[in-house]
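Hi,

Here is the structure I promised to pass on. Have a look at it first, and my notes follow underneath.

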Amino acid sequence: MKKDSKQLTSKKVAVRKEAMHRLQEDGQPESDSITDEASTVSLLHELQVHQIELEMQQNDLILARDSSEAAAIRYEALYDFAPVAFISLNRSGDITQTNLTAASMLGIPRAKINGLRLAAFLTEDSLPQFNSHLSNAFKGLNQSACEVKLYVDNKLITVQVMMSINDDGLECLTVLTDITARKQTEVKLKLAASVFSHAHEGILITDIRGNILEVNDTFSQITGYSRKEAIGQNPRILKSGRQSDDYYKDMWKTLKEHGYWSSEIWNRRKNGDIYPELQSISAVSDALGQVMHYVSMFSDITHLKAHQEQLEHSAHHDILTGLPNRILLANKLTLAIKQSQRHGKILALAYIDLDGFKKINDSYGHNTGDQFLIDISAKFEQSLRAGDFLARIGGDEFIAVLSDLDNINECEPVLQRILTAASQNIICNDNILKVSASIGVTLYPKNGSDPDLLLRQADQAMYIAKDAGKGCYRFFDIGPSEADRTRREGLERIRQGFEKKEFVLYYQPKVNMKTNEVIGAEALIRWKHPQQGILPPDAFLPIIEGHLISIKIGEWVINTALKQMSIWQTQGLTIPVSVNVGASQLQSGNFVTHLAGALAAYPEIYPELLELEILETSALEDVIQVSKLMNTCLKMGVKFALDDFGTGYSSLTYLRRLPADILKIDQTFIRDMLTDTSDLAIVKAVIGLADIFNRGVIAEGVETKAHAEKLLSLNCTIAQGYGISRPMSADDFPLWLESWHINPIWTA
């Protein structure tokens, strides 16, 4: 205002100077009239000056008014469109004025807000704090902001409240800031921090150069490095030296190409202990796709590896005698053949079968029989030379592999020692026991180099030894043999039986031992032989393995099971059924096509009710191909179970790849788990693996209530076996089921 006054005064001076200048130009008057005229002129000039001054003042006022109006508009815009809500409240908490942001926050037009109580929008738990804050504001007390919750348009929002009393003391200006998103972010951050801190997996975060930025408590527990010791270090401090440089190059290559890497790896703890872990690394990128951090998560799988080694040992060794089993025999025999080939040596494969062992089991019981097998296998091993090895392939059958022979005659002293060992008296449980042995022998390279072929040849030669009077050995003749002819005749008889529809399916129930609920049934093939009666699968399936007829019979089993499920469903019985699928059938090339056709033929049966049981050993023959096939079938809705689990176990990686819902514990482990600690340990390991990999587990061969109670104590609830029920015909199954529902009594 002072500046404007000075400007106005200077303007007046300028105007007057202009007027005086004009008078001087007109000259001085010589008389009084001239004096009067001059006075008049001077007065007119004064009036002109005042007029100009008034015009200037009016212009200034207009400018000031326009400036004030513009400022008011700007203030109103700032008030209405501020990013926070402004609300004026009286002492009663009634709303007297709001900005547009507040109206939008409350979800009500501004014209209808005045007079409403702000407390009406608050949640009940926020009222005490809000009322206290409002009261203190009118008392003029200084206070920090508070947080309350509003319920608007069926949504709950969190706002920060700040209050300030007006100069007149009649109203309180309330500022509301919506902090809902911030609170949600805080919750997420707290949750992430909680997950990070409490995760059972070790977690470490690195920068782009691999320097450790953060670790969680589990990291320290597993590695032994504290957070302070780890931060700033490179994960190389955990390097065990067991992985090659190429291993890490491949890891980084995968990370850069896919942004993710996962594998089993051996690392080293701070104290120097080397341990296995299951590790995954993920690249974290910014909005532009540039990698900023790497996050590694890992679990200590020491116990899993122990289970794996235990299972691998059981998978490759006979549980009773500790000798190599059929699986390990195949590997060792292949290596022995290659070694003989390199050295130009002869290899002899001897198939040993005990004569009269069945009588020992029948007369003295399985415990004595088992002890006899342990003792005689030790004698057989003592009969071998250094470099030879012995395997037990089942029952009372053994395989001896004699390698590095220069001629055939070198193996005969060993064979004779085996016969002598077999014929010696063995004392078991105060009983003097004696058997003999029949041995069939085949030779590499004379009779071929294929391990399976050599085993079949030795098996045939063993039957010739039995026909020759037992207690002797015979060499395989590459020409047609009586045993070969017998097998061909058996295969033909099975073909005829299949064509004459002599095969049937029996059904064995599966029960939840905890609830006594029947949860399914397994379809088991039987042969109604015209002369020999009902034959179990062991009597004919080994003969057809690898032949086309095995695939046809496998397809018939699936079709027949689905047909029976359809019949039961019309009778009001809907129950899941599992069927066994052989290796040849599974990898035949048209398995998926046939399965899809079979399911389409019975549309009333939900595919989820059909479960396919595959032997673990056959699944591991080509785990990648089998996994793809299983995934294709899973898309149809069917389920899978790994049968006889533990007898062919190879790797945890394989178990992760095979998408089976159920692991079936082989009955050989269940049978003796009450008395054999090794079998019990394997059962525990399988149940533990099922739990870790989120698979179901079922125990086969449950024969007694004691078996059931032990399994329940191990958290295995599903079982099947003679203790529950023997396999029965399709007609008998509904009757048994009805009886079980009424009175679930165990048969053993």
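Of the 748 residues in the chain, 42% are buried. Keep in mind that this is a predicted model. The chain has 26 helices and 26 strands. If you take the contacts between residues at least 6 apart in sequence, 58% of them join residues at least 24 apart.

The part I spent most time on is an open sheet of five strands. Its order is β12-β13-β11-β16-β17, and the pairing is mixed. β12 and β17 (473–475) are the edge strands, each pairing on one side only. From one strand to the next the twist averages 20 degrees.

Is β12 largely enclosed or not, given its place at the edge? Strand β12 (residues 389–394) has five of its six residues buried, so the rest of the structure largely encloses it. It runs antiparallel to strand β13 (residues 397–405), and five bridges join the two. Across that pair, Leu390 sits opposite Ala400 of β13. The hairpin of β12 and β13 has two residues between the strands, and Gly395 there takes a positive phi near 55 degrees.

β13 also pairs with strand β11 (residues 346–355), again in the antiparallel sense, over seven bridges. One bridge to look for is Ile352 with Phe398 in β13. Helix α12 (residues 366–383) packs on this sheet and touches β11, β12 and β13, with its direction at about 150 degrees to that of β11. Another helix, α13 (residues 412–423), lies across β11, β13, β16 (436–444) and β17, and runs at about 160 degrees to β16.

Next, some backbone oddities. As background, most residues other than glycine have a negative phi, and most peptide bonds are trans. Here are the exceptions I would click on:

- The peptide bond from Tyr444 to Pro445 is cis, with omega near 10 degrees. Pro445 is in the loop between β16 and α14 (451–467).
- Asp430 has a positive phi, near 70 degrees, without being a glycine. You will find Asp430 in the loop between β14 (426–428) and β15 (431–433), and it is exposed, with a relative accessible area of 75%.
- Asn694 is not a glycine either, yet its phi is positive at about 55 degrees. Asn694 belongs to the loop between α24 (677–692) and β25 (696–699), and at 71% relative accessibility it counts as exposed.

Further along there is a helix pair worth a look. Helix α19 (residues 591–601) and helix α21 (residues 623–636) pack at an angle of about 15 degrees, their axes 10 Å apart. That is under 35 degrees, so α19 and α21 are roughly parallel to each other. Their crossing is right-handed. On the α19 side the contact is made by Phe591, Val592, Leu595, Ala596 and Leu599, and on the α21 side by Leu629, Thr632, Cys633 and Met636. By class, that contact has eight nonpolar residues, one polar and no charged ones.

Finally, Met728. It is found in the loop between β26 (718–719) and α26 (732–742). Is Met728 buried or exposed? Its relative accessible area is 9%, so it is buried. Which residues does Met728 contact, leaving aside its neighbours within four places in sequence? They are Tyr506, Tyr507, Pro509, Phe733 and Trp736. Met728 and Gln508 are 220 residues apart in sequence, but 6.4 Å apart in space, C-alpha to C-alpha.

Cheers

Terms used: Residues numbered from 1 in each chain as written. Predicted model: local features only at pLDDT ≥ 70, side-chain atom pairs only at ≥ 80, totals over all residues. Heavy atoms only, no water. Axes fitted to C-alpha atoms, helices over the stretch in contact; angles between N-to-C directions. Helix = DSSP H or I, 4+ residues; strand = E, 2+ residues; numbered from the N terminus. Parallel < 35°, antiparallel > 145°, perpendicular 65-115°, else oblique. Left-handed = near helix turned anticlockwise from the far one by under 90°. Contact = heavy atoms within 4.5 Å. Nonpolar A, V, L, I, M, F, W, Y, C, P; charged D, E, K, R; others polar. Buried < 20%, exposed > 50% of the residue type's maximum accessible area, 1.4 Å probe, protein only. Pairing = 2+ DSSP bridges.
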